[in-house]
Amino acid sequence: MNKIVCLLLALSLLYSCKPGSSDRPNVIIILTDDQGSVDVNVYGATDLATPNLDRLAEEGIRFSGFYVGSAICSPSRAAILTGLTPHSAGVPGNVSSIPGNAGMPSEITTLAEMLRQEGYTTGHVGKWHLGYTPETSPLAQGFDYSFGHMGGCIDNYSHFFYWNGPNRHDLWENGNELFLDGEYFPDLMAEKAENFIKKNKKKPFFLYYAINTPHYPLQPRPEWREYYGSMDMPRRDYAGFVSTADQNIGMLTALLDRLSLKNNTLLIFLSDHGHSYEERTFGGGGSAGPFRGGKTSLFEGGIRVPAIISWPDRIAGNRVNNELVHSIDIVPTVLAACSEKELPPYLEGVNILPSLSSNEKLPERTLYWKLGSQWAVRKGDWKLIGLPRDPSGTGKLDPEKDRLFLSNIAADSSEMTNLASEYPLLVDSLITEYLGWKNASADDIPEMLVEVQNNALGSEISMLTKPSPRYPGSGQGTLIDGRIGSRAHDDGFWMGWEGEDMIVLLDLKKEIRVASIVARFLNNPENWIFAPLEVSFSYSLDGKAYSRPVTLPGGNDLRKAGIRNISVPINGDIRYLKILARSIGTNPEWHSSPGGKAWLFCDEIIIK
């Protein structure tokens, strides 16, 4: 009998140690917003106060090669919460911040839904930015509790959307609009996170703590602005906002200590992507350290982020993990820690717990990214970017030679030297690797700059409607320079009009016999770019008496990205040519941001 009792006791102890028992860890994901790749002291910052994140790194594991799913907000968040790359999760770009617009498809399963099935209480505090309808809200995506803003950014005191008009209040608790005018949002987040933990301390919980700092508007706590008072802007307010986030994180970890929850809490900290160079953040403030790029870029500074995991009961601390890890690994890792069930086979990430607890090497794999016209693939030490962009301006990108950009990250993580011309076979191999990814398309692969015969070369061109200075191409002459660009709107060969028609006038300087005219337009809904509704061509010999306009339809399928060539036969002598391309004006109803100003992009007007 004593042997049976001992055996039952042993089995009971064994069972109580398994994931899925009452000893299952609490899970907290802390996500900062627009924090630079090295903007934590333990990552190399020398001018910041980040004592709480530094302490967290001492207690856990710091990652030196942690990537996120995208270089902008919504797709990165989708990857973190689903274990899928953004395109697989249905969030290739930022979703709308306008109420009534959907975001991540409701049929996509989130980590919150998975953990709730395991008996976890789930909470969201902070920024959402994954949908602004009841069906795509946090409460509909697996969270029992939600507090924060649904759009991309808010003023931290008025809680109004911080981008453009019309002014919209954006603060919600459990689906109900909450008016707390003048109260500081980081303080509110800290309070709500603390209340959630206290309320659920006796049972397993999952808290998604999506802190909106240091995203613009840069509004640090006053004491931090004073602390960094000797710094120049924008580093001063950015640094203050990073320290504000660090302070919030310190309050949360201190609470876990007081409640004796820290040891059995799987805490994951990371930034959603690199720091911003946007005008709203005064052109910078953050730091990517040795890396190139930042937010919106697939260079390392846009997608390599600070990341720390702590779980004192299971993971030895004060270590650095040098493996290549991706944010899609978070879901399978958390599920492995919290559930005895097999991982869902559709997940694209891997369980990294063996690498954390016993230093096992992760299996070799290829990582992929796709953002607008940019894409990237990393295999081993090599990384290839298609149609790269660099908002940091740290190095000049040649619009012709750098359409495919190859780097050996182990040898040169700065990505300042393009090795594509030295290793053409490797480039071809990585392109083949990329095209094997289910979200890739052959249309993604940029052709080298194509020169075309254009009888408009040397003509005088006048813009009768003013193009945007943001996308000037190589000057207005780019429309008739005989070189046609890629599908990337920002490759230096496109001119853009925001919400306006394009009207241009060409003076060919002499009468010539023209067989046909071709105008090239871009259609890229993800970047709010649409082919014209219609294009009208009229011509003249003297610049006064013009022919009756020939009007042709523009793009017939505005949902599909690509280049639209609008061609009209002439078969006559002309000197002057007037082209009117009628813009769609605003994004259509089916777009992720309906009603926003649509862009019209033209690259080349070819006279044959």
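**A guided tour: from the whole chain to Asn523**

The chain exposes about 24600 Å², of which carbon and sulfur atoms supply 51%. The model on display is predicted.

**The whole chain.** Begin with the entire chain selected and shown as a cartoon. Its secondary structure consists of 11 helices and 25 strands. The radius of gyration is 27 Å, close to the 25 Å that the globule rule gives for 608 residues, so the chain is as compact as a globular protein of that length. Along the principal axes, the C-alpha atoms fill a box of roughly 110 × 55 × 50 Å.

**Burial and contacts.** Next, colour the residues by accessibility: 58% of the 608 residues count as buried. Of the contacts between residues at least 6 apart in sequence, 71% join residues at least 24 apart.

**Charges.** Now select the charged residues. There are 57 positive and 71 negative charges, and their mean positions lie 2 Å apart.

**Strand β21.** Select residues 502-523, which form strand β21 and include Asn523. Is Asn523 buried or exposed? Asn523 counts as buried, because its relative accessibility is 0% and the cut-off for burial is under 20%.

**Around Asn523.** Display the side chain of Asn523 together with Leu558 and Lys560. The side chain reaches the backbone oxygen of Leu558 at 2.9 Å. A polar atom of the Asn523 side chain also lies 2.9 Å from the backbone oxygen of Lys560. Finally, extend the selection to the residues in contact with Asn523 beyond its neighbours within four places in sequence; among them are Ile529, Phe530, Ala531, Asp557, Arg559 and Arg564.

Definitions and conventions: Residues are numbered from 1 along each chain as its sequence is written. This is a predicted model: local features need pLDDT of at least 70, side-chain atom pairs count only at pLDDT 80 or more; totals for chains, interfaces and linings use all residues. Side-chain values use heavy atoms; hydrogens and water are left out. Helices (H or I, at least four residues) and strands (E, at least two) are DSSP runs, numbered from the N terminus. The radius of gyration is taken over C-alpha atoms; the globule rule is 2.2 Å times the number of residues to the power 0.38. Buried means under 20% relative accessible area, exposed over 50%, partly exposed in between (1.4 Å probe, protein chains only). Contact means heavy atoms within 4.5 Å. Accessible areas come from the Shrake-Rupley method with a 1.4 Å probe; for residues, only the protein chains shown count as cover. Lys and Arg count as positive and Asp and Glu as negative; His and the chain ends are not counted. The place of a charge is taken as NZ of Lys, CZ of Arg, CG of Asp or CD of Glu. A polar contact is a pair of N or O atoms within 3.5 Å; within protein, one must be able to donate a hydrogen and the other to accept it, and residues adjacent in sequence count only if both atoms are side-chain atoms.
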